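Visitor: I have a structure on my screen and no idea how to read it. Could you walk me through some of its features, one at a time?

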Amino acid sequence: MTVTDLDLEACAREPIRVPGAIQPHGALFVLRPHDQVVVQVSANLSDYLKDAVALGKPPSAPFDAVMTALMQWHAGSEAFFQTRLSERNLTLVAHRAGSLIVVEVEPAGSEPLDAVFGRLRSFTQKLSAENDIGRSLSIVTQFIADLTGFDRVLLYRFDGEWNGQVVAESGNGKLPSYLDLRFPSGDIPAQARALYVSNRLRIIPDARYQPVALEPSLNPETGDQLDMSFAQLRSVSPVHLEYMHNMGTGASMSVSIMVDGTLWGLVSCHSVAAHTVPHRLRETCDFAAEALAMRIGALSRAEDAARRVELSQVTSRLLGAMSAEADWLDGLSHEGDLLLEQVSALGACVITPTHLRTFGVTPGGENLRRLVAFLEQRGEDREFFATQSLASLYPAAESFADSASGVLAIRISRLHASWLIWFRPELVRTVNWGGNPHKLVAERGRIHPRKSFDAWRELVRLQSAPWSDAELSAARDLRSAIVGVVLRKAEELAQLSSDLQRSNKELEAFSYSVSHDLRAPFRHIVGFAELLRERENSLDEKSRHYLQTISEAAISAGRLVDDLLSFSQLGRASIVSKPVDMNKLVADVIKSVGLSCRDRTIKWSVSDLPPALGDVTLLRQVWFNLIDNAVKYTKPCPLAEITMTGVTRDDMTIYCVSDNGVGFDMAYVGKLFGVFQRLQRAEDFEGTGIGLALVRRIIERHNGSIEAEGEVDKGACFTFCLPTEKRKGRAIA
Ligand code: JQ2
């Protein structure tokens with residue numbers, strides 16, 4: 001057999017429906033229906049029918065009964081006509097080809113129908129009891145191997161790209177096992193697959209056959225080559241015969257498995273030597289393949305439904321984990337294995353503009369960031385992306401194909417470039433020819449299964465196993481769940497902060513009105529106590545002491561109210577920031593505080609203070625309270641030392657007020673700035689307990705911060721920072 005390389009390349013274009021010849025295991029003639037004249041015959045027709053049928057005239061008398069039945073069939077709509085020519089032990093099968101009738105005869109074989117039906121019954125029982133697709137396939141290969149006597153029967157399954165994989169196998173060991181091997185789509189080219197959709201069975205009883213020509217080669221009725229799409233005897237492609245030869249097979253038969261209208265796979269049978277199967281048994285094989293197809297349809301729908309349920313359970317477990325944590329990402333991170341299980345991936349990552357968490361096998365961080373940039377700049381669906389060959393869309397991915405040839409990505413934020421991405425490795429890394437018994441078979445010729453396997457590897461390079469529909473929709477579900485969780489958490493936060501704002505406002509309004517309304521009565525008490533003292537000279541010592549106490553209590557209550565009032569007003573008033581000369585401010589405060597403690601010896605030291613930016617009245621209050629405190633808590637010291645310093649560092653000015661007074665225990669530093677919190681007994685040191693809370697509030701309203709440091713009996717130091725112009729400018733930018 002000679003087939004040129006050109007033929008090999010033109011293989012996909014080979015006109016396999018019109019070979020102009022048949023295989024020699026039968027004979028063929030073509031009838032013109034209206035006068036039943038034979039218009040075309042295979043050159044070997046007389047080997048089968050002697051002179052009963054000859055070119056240019058109707059079949060002779062012994063054919064009368066057959067012709068009557070044939071013409072009746074032709075008037076109807078059945079696709080095939082079939083009968084037995086008992087005296088010659090031939091099977092006759094007819095079908096239409098355009099306006100003509102093609103009639104084929106071949107030896108009938110001897111298998112009794114009863115025996116075939118018996119086998120068929122036990123086969124269908126076995127098949128319908130089996131709920132696993134893989135085992136159903138083996139039931140079929142075994143049944144067909146037993147029924148036909150082929151040396152090896154394979155189940156060849158197509159993938160989404162029409163590459164094939166041997167998924168089940170039965171045989172007697174005369175031919176090597178091909179189980180699990182993969183073949184490129186070109187091994188069964190597109191035109192062959194298209195033909196096998198409509199004509200479900202073909203047989204090559206002897207791959208070394210000599211084709212038998214049709215005479216005349218063009219049909220005189222149509223002037224065309226005869227369309228042999230449905231002919232049993234059609235001569236097959238010489239390239240395929242070469243392949244069979246190189247595979248070490250002398251005979252083959254294949255039956256299409258059609259599931260839901262598409263070619264799912266083939267039952268493919270081979271024998272070392274020539275081997276034939278009579279028409280009746282071939283029909284039985286076709287029936288078995290059809291039963292299998294129905295079973296596959298039903299089982300895969302059930303499997304798909306079960307898988308979807310299983311995946312949705314994974315989704316809800318992930319959702320539970322995410323909701324349980326304040327940060328959903330933490331929740332997700334605890335369930336890394338589930339996350340991978342969700343879509344059967346080997347790696348995953350959650351990547352946001354600020355965070356990256358990886359699970360299982362993934363590309364490195366830099367590559368992930370670039371991948372996100374690629375995902376972000378795509379025009380189409382911005383929320384979902386799936387591919388089994390990332391490198392075909394994003395060439396840079398070739399460098400990390402070993403971890404991420406397949407990518408399934410969902411965008412988990414509406415605002416930010418945040419993605420959850422799953423990864424699958426390159427498929428060829430997980431499938432190997434090596435270790436397979438076929439390796440031992442010597443290579444012969446240009447086309448050979450070993451070369452096919454290499455071709456398949458080349459074809460699927462940089463590809464992962466495909467993502468199934470169930471997995472894709474599980475990923476979409478998870479995306480909605482995550483977006484839901486994140487949104488809910490954001491809403492909860494917003495609700496919380498608006499609740500807080502409201503109660504804060506209410507509190508401020510309340511304390512404002514309370515302190516405002518209390519002010520006047522306290523003033524009245526003080527005023528009337530004074531009046532009473534001036535008026536009543538006759539008051540005894542004790543009564544005067546009482547009056548004095550009333551007056552002092554009312555004054556201190558009034559101060560408390562004043563402090564409360566300024567504290568509550570602080571939340572409402574807006575801050576007017578202006579440059580403030582801190583040296584002047586501190587000098588004023590020292591002067592006014594000093595007036596009330598002329599009896600004390602205080603050593604003041606004030607360094608040159610940098611100017612601040614803020615509200616002069618409020619900042620005066622800060623210095624006043626801090627200095628007043630220092631004076632107060634140094635009272636027990638024979639020589640009080642109070643020091644004020646200030647520096648500008650980068651974009652902050654930092655001020656310090658320190659003293660050598662009673663200090664405090666650092667364990668309680670957290671309480672220092674709370675309202676009504678005191679670290680000393682109220683009786684020992686006068687004051688309202690609001691001073692430091694007010695200081696902190698003022699500083700914070702200036703976007704600054706304050707800290708305290710102290711040690712019991714060793715003094716205290718208050719340090720506050722205020723942002724400078726530079727910092728403010730940056731905050732706006
Ligand atoms: O033998 C048959 O039943 C014909 C259908 C057919 C098969 C099925 C058999 N079979 C297998 O069991 C396996 C796994 C071991 C493979 C790879 C395989 C291949 C296979 N090819 C078939 C048919 C064809 N292949 C045809 C149409 C034949 C016809 O019906 O006329 C053509 C034209 C080719 C062509 C090629 N096959 C090749 O391997 C290569 C390289 C070519 C040329 C591109």
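**Reading a structure, piece by piece**

Guide: Let's start with a single residue: S344 has a relative accessibility of 37%, so it counts as partly exposed. Keep in mind that this is a predicted model.

Visitor: Where does S344 sit?

Guide: S344 belongs to the loop between α10 (336-341) and β14 (347-351).

Visitor: How do I tell whether a residue is buried or exposed?

Guide: Look at the relative accessible area: under 20% is buried, over 50% is exposed, and partly exposed falls in between. Try C269, in strand β13: its relative accessible area is 0%, so it is buried.

Visitor: And is K126 buried or exposed?

Guide: K126 has a relative accessible area of 55%, so it is exposed. You'll find K126 in helix α4 (residues 113-129).

Visitor: Are loop residues like S389 buried or exposed?

Guide: Check each one. S389 is in the loop between β16 (384-387) and α12 (390-393), and its relative accessibility is 11%, so it counts as buried. D260 is also a loop residue, between β12 (251-259) and β13, but its relative accessibility is 63%, so D260 counts as exposed.

Visitor: What should I look for in the backbone angles?

Guide: Here's the general idea: most residues other than glycine have a negative phi, and most peptide bonds are trans. Now for the cases here. D260 isn't a glycine, yet its phi is positive, near 50 degrees. S344 isn't a glycine either, and it has a positive phi of about 50 degrees.

Visitor: Which two residues are joined by a cis peptide bond?

Guide: E215 and P216 are, with omega at about -15 degrees. P216 lies in the loop between β11 (212-215) and α7 (238-247).

Visitor: How do I read a helix?

Guide: An α-helix has 3.6 residues a turn, so residues three or four places apart point the same way. You can also look at how far a helix reaches from end to end. Take α15, residues 541-570: its 30 residues span 43 Å from the first C-alpha to the last, close to the 44 Å expected at 1.5 Å a residue.

Visitor: Which residues of α15 are buried?

Guide: Among them are L547, S551, A554, A557, G558 and V561. Try finding those on the helix.

Visitor: And how many residues does α17 have?

Guide: Helix α17 (residues 616-633) has 18, and it reaches 26 Å between its first and last C-alpha atoms, close to the expected 26 Å. Its buried residues include L618, L619, V622, W623 and L626. Have a look at the N-terminal end of α17 too: D615 caps it, with a side-chain oxygen 3.0 Å from the backbone nitrogen of T617.

Visitor: What can I learn from comparing sequence with space?

Guide: Pick two residues, count along the chain, then check the C-alpha separation. C269 and G171 are 98 residues apart along the chain, with their C-alpha atoms separated by 9.3 Å. For K126 and D337, 211 residues apart in sequence, the separation is 38 Å. S389 and V580 are 191 residues apart along the chain, and their C-alpha atoms are separated by 65 Å.

Visitor: What about empty space? How much of it lies in the largest pocket?

Guide: About 1,400 Å³. Its lining has 39 residues, and R157, F158, W264, P466 and S468 lie nearest the centre. The elements giving two or more residues to that lining are β7 (152-158), β8 (164-171), β13 (262-271), α8 (279-324) and α14 (469-535). The largest share, eight residues, comes from α8.

Visitor: Why does the largest pocket lie between domain 1 and domain 2?

Guide: Because domain 1 (325-467) and domain 2 (468-573) both give residues to its lining. You can sort the lining by class, too: 14 nonpolar, 12 polar and 13 charged residues.

Visitor: How many cavities of 30 Å³ or more are there?

Guide: A search of the whole structure finds one. The largest cavity holds about 60 Å³ of space. Its lining residues include Q23, N199, L201, R202 and I203. By class, the cavity lining has four nonpolar, four polar and two charged residues.

Note on methods:
Residues numbered from 1 in each chain as written. Predicted model: local features only at pLDDT ≥ 70, side-chain atom pairs only at ≥ 80, totals over all residues. Heavy atoms only, no water. Helix = DSSP H or I, 4+ residues; strand = E, 2+ residues; numbered from the N terminus. Expected span 1.5 Å × (residues − 1). Buried < 20%, exposed > 50% of the residue type's maximum accessible area, 1.4 Å probe, protein only. Polar contact = N/O pair within 3.5 Å; in protein donor to acceptor, adjacent residues only side chain to side chain. 1 Å grid on protein atoms, 1.4 Å probe; cavity = no way out; pocket = protein on both sides within 12 Å on 5 of 7 lines; lining within 4 Å. Points joined across faces, edges and corners; volume = space filled by probe spheres on them. Nonpolar A, V, L, I, M, F, W, Y, C, P; charged D, E, K, R; others polar. Domains from an automatic or database assignment.
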